[in-house]
Amino acid sequence: MRTRTLLVVLVLLMIAAFVATNWSVFTVSEKFSFVFTTVEASIGLVMLGILSLIVFALGVYVVVWRSAILLESRRQAKELVAQRSLADQAEASRFTELRVVLHDEFERLADRIAQMQDAFRVEIRDNANSLAATIGELDDRIQKLHGGDAS
């Protein structure tokens with residue numbers, strides 16, 4: 001049990017013990033005034049009744065207060081679940097968007113690489129043709145030089 005609950009039970013037991021040991025005093029009738037009228041009744045029982053009403057009212061207040069707290073905490077828990085769901089959806093959306101952006105970037109880079117490869121191939125072909133032409137020209141010169149010496 002919680003300390004607070006234990007304290008309340010202990011106080012109620014002490015009041016019950018006090019009433020039980022002094023029951024004869026509690027039941028003695030006396031005249032007393034209720035502002036508008038005078039009544040002959042047991043002052044102890046009247047005070048005990050008032051105390052009982054106060055304890056009952058406080059008990060009802062505590063139950064209503066705890067119920068309100070419980071309902072509020074449930075509402076907040078539902079709201080947290082909804083917010084977590086929204087955050088998860090937003091995160092999934094960001095991942096999807098990131099995937100699309102990365103895919104587009106990779107396609108752009110692949111296109112750029114393909115263009116560079118094509119340009120490199122053209123450059124190599126041009127260099128190979130130029131080299132072949134140069135070698136052919138040199139070959140022709142060598143043939144002319146050797147052919148001119150042989151005649």
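Hi everyone, this is a short walk through one protein model, from overall form down to a few side chains.

A word on the source: this is a predicted model, where local features need pLDDT of at least 70, side-chain atom pairs count only at pLDDT 80 or more, and totals for chains, interfaces and linings use all residues. Residues are numbered from 1 along each chain as its sequence is written, and side-chain values use heavy atoms, with hydrogens and water left out.

Let's start with the layout. The protein has three helices and two strands, and from the N terminus the order is α-α-β-β-α. Here helices (H or I, at least four residues) and strands (E, at least two) are DSSP runs, numbered from the N terminus. Helix α3 covers residues 43–150, while strand β2 covers residues 38–42.

Now the overall form. What radius of gyration does the protein have, set against a compact globule of 151 residues? The protein has 51 Å, where such a globule would be near 15 Å. For the record, that radius is taken over C-alpha atoms, and the globule rule is 2.2 Å times the number of residues to the power 0.38. Along the principal axes, the C-alpha atoms fill a box of roughly 165 × 30 × 15 Å.

On to burial and contacts. Of the 151 residues, 4% count as buried; buried means under 20% relative accessible area, exposed means over 50%, and partly exposed is in between (1.4 Å probe, protein chains only). The protein exposes about 13,300 Å², with carbon and sulfur atoms supplying 67% of that. Those areas come from the Shrake-Rupley method with a 1.4 Å probe, and for residues only the protein chains shown count as cover. Taking contacts (heavy atoms within 4.5 Å), 13% of those between residues at least 6 apart in sequence join residues at least 24 apart.

One buried residue to look at is Ser42, in strand β2. Ser42 has a relative accessible area of 9%. Leaving aside residues up to four places away in sequence, Ser42 touches Phe26, Thr27, Val28 and Ser29.

Next, charges. There are 16 positive and 18 negative side chains, and the centres of the two sets lie 16 Å apart. Lys and Arg count as positive, Asp and Glu as negative, and His and the chain ends are not counted. Each charge is placed at NZ of Lys, CZ of Arg, CG of Asp or CD of Glu.

How many salt bridges does the structure hold? There are five, a salt bridge being a side-chain nitrogen of Lys or Arg within 4 Å of a carboxyl oxygen of Asp or Glu.

Let me show you Arg75. Its side chain meets that of Glu72 at 2.4 Å, N to O, and Arg75 also bridges to Glu79, with the closest N and O atoms 2.9 Å apart. Arg75 and Glu72 are three residues apart in helix α3, so about one helical turn separates them. Arg75 and Glu79 are four residues apart in that helix, again about one turn. As for accessibility, Arg75 is partly exposed at 41%, Glu72 at 33% and Glu79 at 42%.

Further along helix α3, Arg108 and Glu105 form a salt bridge at 2.5 Å, N to O. Arg108 is partly exposed at 47%, and Glu105 is partly exposed at 33%. Coming back to the earlier trio, salt bridges that share partners join Glu72, Arg75 and Glu79 into one network.

Thanks for listening!
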